[in-house]
Amino acid sequence: MEGLRRRCEARLRGIRVPDPFDLDEFCAQVSARRGRPLIRQAVPGLSDEAPCGLWIGTERADHVFFDPGTSPLHAEHIVLHELSHILCGHSGSDAALGTLFPDLEPAAVRQMLGEKTMLGRARYTDEQEREAEMMASLIRGRSARPSPTPLGRTTDALGLT
């Protein structure tokens with residue numbers, strides 16, 4: 001696990017994380033880094049039975065979809081997880097396509113979407129998913145400054161800030 005963390009921290013070198021954290025600003029940075037639009041969209045139907053997040057990278061843009069039925073903090077984490085796939089240079093797998101479109105051949109879905117990359121998050125079973133999860137946590141953790149007062153540290157620990 002420590003090797004994974006070190007690898008993720010190395011990937012984050014040179015990437016500025018807004019402090020205080022602002023997801024819109026961070027997405028704009030990823031978009032600028034990629035030289036193309038990054039479109040975030042809530043999509044009903046993403047849930048525990050299906051991926052709660054999805055990234056589709058096309059020739060023209062990166063599309064990040066997330067479950068609108070979750071908490072704002074969880075939705076932010078889902079988006080960060082998908083952005084982490086982008087930042088790590090991960091490629092999609094036919095398993096993700098099979099989960100989303102069980103009745104269609106993955107090659108047909110890829111051709112229909114004209115996409116280059118497609119990743120969906122349903123489980124944390126492979127190395128790319130673990131890496132994206134670690135990166136998402138590290139990105140969000142970089143902007144969390146400890147409060148200097150005992151009351152501030154207590155409210156931070158309880159998640160009240």
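## A tour from helix to helix

Start by selecting two groups of residues: Glu 76, His 77, Leu 80, His 81, Ser 84, His 85, Leu 87 and Cys 88 in helix 3, and Gln 128, Glu 129, Glu 131, Ala 132, Glu 133, Met 135, Ala 136, Ser 137, Ile 139 and Arg 140 in helix 6, which the first group meets. Contact here means heavy atoms within 4.5 Å. Helices (H or I, at least four residues) and strands (E, at least two) are DSSP runs, numbered from the N terminus.

Before moving on, note that this is a predicted model, in which local features need pLDDT of at least 70 and side-chain atom pairs count only at pLDDT 80 or more, while totals for chains, interfaces and linings use all residues. Residues are numbered from 1 along each chain as its sequence is written, and side-chain values use heavy atoms, with hydrogens and water left out.

**Stop 1: the crossing**

Keep helix 6 on screen and show all of helix 3, residues 72-88. At what angle do helix 3 and helix 6 pack? The angle is about 115 degrees, and the axes of the two helices are 8 Å apart. Axes are lines fitted to C-alpha atoms, for helices over the stretch in contact, and angles run from 0 to 180 degrees between N-to-C directions. The crossing of helix 3 and helix 6 is right-handed. To check this by eye, remember that a crossing is left-handed if the near helix is turned anticlockwise from the far one by less than a right angle, and right-handed if clockwise.

**Stop 2: helix 1**

Now select helix 1, residues 2-12, and colour its buried residues: Leu 4, Cys 8 and Leu 12. Buried means under 20% relative accessible area, exposed means over 50%, and partly exposed lies in between (1.4 Å probe, protein chains only). Look down the axis of helix 1: its buried residues fall within an arc of 75 degrees, so they line one face of the helix. That arc is taken from the directions from the helix axis to the C-beta atoms. What do the buried residues of helix 1 pack against? Their partner is helix 6, residues 127-142.

Just past the end of helix 1, click on Gly 14, which takes a positive phi of about 85 degrees.

**Stop 3: a loop with a cis bond**

Follow the chain into the loop between helix 1 and helix 2 (23-34), where Pro 20 sits. The peptide bond leading from Asp 19 to Pro 20 is cis, with omega near 5 degrees. Most residues other than glycine have a negative phi, and most peptide bonds are trans.

Phe 21 is in this loop too. Is Phe 21 buried or exposed? Phe 21 counts as buried, because its relative accessibility is 13%. Measure along the chain from Phe 21 to Ile 139 and you count 118 residues, yet their C-alpha atoms are 9.1 Å apart in space.

Next, add Phe 26, which is buried with a relative accessible area of 0%. A search of the whole structure finds one aromatic pair. Phe 21 and Phe 26 form that pair, with 6.0 Å from centre to centre and 45 degrees between the planes, making it tilted. Rings of Phe, Tyr and Trp (its six-membered ring) pair if their centres lie within 6.5 Å; planes under 30 degrees apart count as stacked, over 60 as edge-to-face and the rest as tilted.

**Stop 4: strands**

Select strand 3, residues 62-66, where four of the five residues are buried. Strand 1 (residues 38-42) pairs with strand 3 in the parallel sense over five bridges; two strands pair if DSSP finds at least two bridges between them. Ala 42 stands opposite Phe 66 in strand 3.

Then bring in strand 2, residues 53-58, which pairs with strand 3 in the antiparallel sense over five bridges. Zoom in on Trp 55 opposite Val 64, and on Leu 54 with its bridge partner Phe 65. Three residues lie between strand 2 and strand 3, which form a hairpin.

Which residues of strand 2 are buried on each side? Gly 53, Trp 55 and Gly 57 are buried on one side, and Leu 54, Ile 56 and Thr 58 on the other. In a regular strand the side chains alternate between the two faces of the sheet.

**Stop 5: Pro 68**

Finish in the loop between strand 3 and helix 3, at Pro 68. Pro 68 is partly exposed, with a relative accessible area of 40%. Leaving aside residues up to four places away in sequence, Pro 68 touches Ala 42, Val 43 and Pro 44.
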